[in-house]
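Biologist: Thanks for making time today. Could we go through this structure together, one feature after another?

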Amino acid sequence: MDGPQSAAAFMAAVERVQECSPQPLSATGAAILLAVHLNIAADSRSIARQFGLAHAIVLREITLLSPRFVHVTKRDARTQRSFLETTAEGQALAASSASL
């Protein structure tokens, strides 16, 4: 996400994901789904760093997104770093909303 235009486009896509989602999603949850879908970040620590959030907040949102929109493919037991991929439903939702 380089520059204010890219950030604005990303936030607009986050809002579209929230509006189109069949279940209520927070802005953080929608941003995580888009980040994974757009290959901005593929694990919880990278997502936390990219968005300037505490890792615990990202982990909580991943719990809310799983298993419907994202799937945890690997988890480090010591650090709780979770590696993610979108499910078919998550891909469809993100793709329909992400026109970056």
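## A walk through the model

Biologist: Happy to begin with the charge over a ring: which residue lies over the face of F83?

Modeller: Keep in mind that this is a predicted model. A charge sits over a ring if NZ of Lys or CZ of Arg is within 6 Å of the ring centre and within 35 degrees of the ring normal. Over the face of F83, at 5.0 Å from the ring centre, lies K74.

Biologist: Nice. F83 also has a neighbour in a loop, I think. Which residues does A42 touch, not counting residues up to four places away in sequence?

Modeller: A42 is in the loop between α2 and α3, and its 43% relative accessibility makes it partly exposed. Its C-alpha is 7.1 Å in space from that of E85, although the two are 43 residues apart in sequence. Leaving aside residues up to four places away in sequence, A42 touches S82, F83 and L84.

Biologist: And the aromatic pair: why are the rings of F10 and F51 called tilted?

Modeller: A pair of aromatic rings is described by the distance of the centres and the angle of the planes. The count comes to 1 aromatic pair. The centres of F10 and F51 are 5.8 Å apart and their planes stand at 35°, so the pair is tilted.

Biologist: Where in the chain do those two partners sit, and is F10 buried or exposed?

Modeller: F10 belongs to helix α1 (residues 3-20) and F51 to helix α3 (residues 44-51), so to speak a link between distant parts of the chain, 41 residues apart. F51 is partly exposed, with a relative accessible area of 23%. F10, at 2% relative accessibility, is buried.

Biologist: How do α3 and α4 pack, and which hand does their crossing have?

Modeller: The axes of α3 and helix α4 (residues 55-65) are 9 Å apart, at an angle of about 120°. That makes α3 oblique to α4. In α3, S44, R45, I47 and A48 meet H55, V58, L59 and I62 of α4. The crossing is right-handed.

Biologist: Last one, on helix α2: how many of its residues are buried?

Modeller: Helix α2 covers residues 27-37 and is largely enclosed by the rest of the structure. Its buried residues are G29, A30, A31, I32, L33, L34, A35 and V36. Out of 11 residues, the number buried is 8.

Biologist: What phi does N39 take, just after α2?

Modeller: N39 comes just after α2. Its phi is positive, at about 60°.

Terms used: Residues numbered from 1 in each chain as written. Predicted model: local features only at pLDDT ≥ 70, side-chain atom pairs only at ≥ 80, totals over all residues. Heavy atoms only, no water. Phe/Tyr/Trp six-rings, centres within 6.5 Å; stacked < 30°, edge-to-face > 60°. Helix = DSSP H or I, 4+ residues; strand = E, 2+ residues; numbered from the N terminus. Buried < 20%, exposed > 50% of the residue type's maximum accessible area, 1.4 Å probe, protein only. Axes fitted to C-alpha atoms, helices over the stretch in contact; angles between N-to-C directions. Parallel < 35°, antiparallel > 145°, perpendicular 65-115°, else oblique. Left-handed = near helix turned anticlockwise from the far one by under 90°. Contact = heavy atoms within 4.5 Å.
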